[in-house]
Amino acid sequence: MANSKAAERFHAGTLTEGWRWFGAHPAEKRGKPGWGFRVWAPHAKAVSVVGDFNGWNLEATPMTKVEGGIWEAFVPGLNRYDAYQYAIHKADGSGFVGKADPYG
């Protein structure tokens, strides 16, 4: 999912259509349909996607840090309009903050 060109443009402040890259988008991985998620959380210790699809479990769907504070995940089998948010785990380990998708 990572696209270093888009990441470069984001960090340079020239990514004018961030909504096309960040947020949640229909995707396919290894032949399975699902949704790709991407969020910028530069100071997070960890980030996960939580929602009705995983019982709002903080550990069920961890995201991978790819570059420059950008986190990604692919979740197979989701339906359009499934409720979700990002769980941003604080850098100091003192808990997490639930955040709505700024591009949602």
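I began with the hairpin of strand 6 and strand 7, where six residues lie between the strands and G93 takes a positive phi near 80°. The model is a predicted one, and I read each of the entries below with that in mind.

Next I looked up how the two arms of this hairpin are joined, and found that strand 6 and strand 7 (residues 96-99) pair in the antiparallel sense over four bridges. Within that pairing, I88 stands opposite V97 of strand 7.

I then turned to the other pairing of strand 6, and noted that strand 6 (residues 84-89) also runs antiparallel to strand 3 (residues 46-51), with six bridges between them. As one pair to inspect there, I picked S48, whose bridge partner in strand 6 is A87. For reading such pairs I kept in mind that side chains in a regular strand alternate between the two faces of the sheet.

For the whole protein chain I listed one helix and seven strands, which follow the pattern α-β-β-β-β-β-β-β along the sequence. The radius of gyration is 13 Å, close to the 13 Å of the globule rule for 104 residues, so the protein chain is as compact as a globular protein of that length. I also noted that its C-alpha atoms fill a box of roughly 35 × 35 × 20 Å along the principal axes.

On contacts, I recorded that among those between residues at least 6 apart in sequence, 59% join residues at least 24 apart. Of the 104 residues, 35% are buried, and the accessible surface comes to about 6400 Å², with 51% of that belonging to carbon and sulfur atoms.

Last, I checked the charges: the mean positions of the 12 positive and 10 negative ones are 3 Å apart.

Notes:
Residues are numbered from 1 along each chain as its sequence is written. This is a predicted model: local features need pLDDT of at least 70, side-chain atom pairs count only at pLDDT 80 or more; totals for chains, interfaces and linings use all residues. Side-chain values use heavy atoms; hydrogens and water are left out. The radius of gyration is taken over C-alpha atoms; the globule rule is 2.2 Å times the number of residues to the power 0.38. Buried means under 20% relative accessible area, exposed over 50%, partly exposed in between (1.4 Å probe, protein chains only). Contact means heavy atoms within 4.5 Å. Accessible areas come from the Shrake-Rupley method with a 1.4 Å probe; for residues, only the protein chains shown count as cover. Lys and Arg count as positive and Asp and Glu as negative; His and the chain ends are not counted. The place of a charge is taken as NZ of Lys, CZ of Arg, CG of Asp or CD of Glu. Two strands pair if DSSP finds at least two bridges between them.
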